Amino acid sequence: MNLARFPRVRLAHLPTPIEPLPRLSEALGGPEIWIKRDDCTGLSTGGNKTRKLEFLMAEAVDQGAEVVLTQGATQSNHARQTAAAAAKLGMECHILLEDRTGYEHENYRYNGNVLLDVLHGATIEHRGPGLDMNAEMEAVAEAMRAKGRKAYAIPGGGSNATGALGYVNCALETLAQLTEMGLRVDHMVHATGSAGTQAGLVTGFQALNAQIPVLGIGVRAPKDKQEANVFALAEKTADKLGCPGVVARGDVVANTDYVGEGYGLPAESTLEAIDLFARLEAILLDPVYSAKGAAGLIDLVRKGHFDSSDRVLFLHTGGAIGLTGYTHVFDVAGRA
């Protein structure tokens, strides 16, 4: 498995740290919990999409793109990191933002990731809920191409076989770190949405025979659909790497019990996860992805899903800047 043959631009601060979470582990009274800090990738407050963008933006550069397009929800971490990557490489960036929550709060609409989109120089279009956002984006890209512009379109979350290479690389990096640290890991847990992170990790670990099962905690789609999306992308990623068939359907596992009322809508368990990580470990989670992943981890530990002798590695996918877009869900005035 040779990633060096794929074009790549260096955008991230790698390797990201692997750290113990002793106070959280003690509070939950279950297995030993560690964290892989992909909130520390460095690009515009960091996050997991930066790894994907190293391969996607390299492809855009190779194709001579002048402008990159992508799409996501209003407080999209991916959109913010794409805007930052484009700024760093001297490209224009155009973003389509979908209203998936119905929130009208000013902070939600203009603060957090949206503020950083603008600061990085991206132009923005808005769409209502329920559309095929990748199709909407492709239509805008085609209109640009018809005018002679060289446009490169990145799917939501950066989740195609090119983007997933970023998390194949993360699997390689993680195994190297664990070996150097002399650390055994029995499970890896993370938030899963557009499928690229989980597909890359599963493909990488399976290709390396790492024996580390990956559990994705869903943030949007039902279990069957989420697992099907991840598996389909893992197959494409394995084909791209030249190791077809390395991922079996049973290697892809998602738990979607912690979505709550819907994408981008924090549940009580989401808010508890944010509170516990902040108070016990001084780590900030975002209310859309990482906190729902952590909520699943916390509840599964409490339910005895993991053996007490296990060591669980939680992948922090970043996005804490989004907290400033969600001030309406926290009782700050009542606690300050």
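Trainee: Before we look around, what is a cavity, and how does a pocket differ from it?

Mentor: A cavity is a set of grid points where a 1.4 Å probe fits but cannot get out, while a pocket is an open set of points. Rolling a probe the size of a water molecule over the atoms shows where empty space is left. Keep in mind that we're looking at a predicted model here.

Trainee: Okay, how many cavities of 30 Å³ or more does the search find?

Mentor: Just one turns up when the whole structure is searched with that limit. Its volume is about 80 Å³. The lining is made of 13 residues, and those closest to the centre are Asn-48, Lys-49, Ala-191, Gly-193 and Thr-197.

Trainee: Which helices and strands supply at least two residues each to that lining?

Mentor: Look for helix H2 (49–62), strand E7 (187–192) and helix H8 (196–207). H8 gives the largest share, with three residues. If you sort the lining by class, you get eight polar, three nonpolar and two charged residues.

Trainee: How are the domains laid out along the chain?

Mentor: The domain assignment gives domain 1 as 18–46 + 160–329, and domain 2 as 48–154. So domain 1 is written as two stretches of the chain, and domain 2 as one. Their C-alpha centres lie 24 Å apart. As for contacts between them, 38 residues of domain 1 touch 28 residues of domain 2.

Trainee: And why do we say where the largest cavity lies relative to those domains?

Mentor: You check who lines it. Both domain 1 and domain 2 give residues to the lining of the largest cavity, so it lies between them.

Trainee: Now the open kind of space. What is the volume of the largest pocket, and which residues are closest to its centre?

Mentor: The largest pocket holds about 830 Å³ of space. It has 37 lining residues, with Arg-100, Gly-156, Gly-193, Ser-194 and Arg-220 closest to the centre. Strand E3 (67–73), helix H3 (77–89), helix H6 (133–146) and helix H9 (223–241) are the elements that give two or more residues to this lining. H9 has the largest share, at six residues.

Trainee: What classes of residue line the pocket, and where does it lie?

Mentor: By class there are 17 polar, 13 nonpolar and seven charged residues. For the place, use the reasoning we had before: domain 1 and domain 2 both contribute to the lining of the largest pocket, so it lies between them.

Trainee: Let's zoom in on single residues. Is Gln-177 buried or exposed?

Mentor: A residue counts as buried when its relative accessible area is under 20%. Gln-177 has 12% relative accessibility, so it counts as buried. You'll find Gln-177 in helix H7 (residues 161–181).

Trainee: What does the side chain of Gln-177 make a polar contact with?

Mentor: With the side chain of Lys-36, at 2.5 Å. Leaving out residues up to four places away in sequence, Gln-177 touches Pro-15, Thr-16, Pro-17, Ile-18 and Lys-36.

Trainee: And where is Thr-256?

Mentor: Thr-256 sits in the loop between strand E9 (253–255) and helix H10 (268–281). With 18% relative accessibility, Thr-256 counts as buried. A polar atom of the Thr-256 side chain lies 3.3 Å from the backbone nitrogen of Lys-223. Beyond its neighbours within four places in sequence, Thr-256 is in contact with Gly-218, Ala-221, Pro-222, Lys-223 and Gln-226.

Terms used: Residues are numbered from 1 along each chain as its sequence is written. This is a predicted model: local features need pLDDT of at least 70, side-chain atom pairs count only at pLDDT 80 or more; totals for chains, interfaces and linings use all residues. Side-chain values use heavy atoms; hydrogens and water are left out. Helices (H or I, at least four residues) and strands (E, at least two) are DSSP runs, numbered from the N terminus. Buried means under 20% relative accessible area, exposed over 50%, partly exposed in between (1.4 Å probe, protein chains only). A polar contact is a pair of N or O atoms within 3.5 Å; within protein, one must be able to donate a hydrogen and the other to accept it, and residues adjacent in sequence count only if both atoms are side-chain atoms. Contact means heavy atoms within 4.5 Å. On a 1 Å grid over the protein atoms alone, a cavity is a set of points where a 1.4 Å probe fits but cannot get out, and a pocket is an open set with protein on both sides within 12 Å along at least five of seven lines; lining residues have an atom within 4 Å of a point. Grid points are joined across faces, edges and corners, and a volume is the space filled by probe spheres set on the points. Ala, Val, Leu, Ile, Met, Phe, Trp, Tyr, Cys and Pro count as nonpolar, Asp, Glu, Lys and Arg as charged, and the others, Gly among them, as polar.
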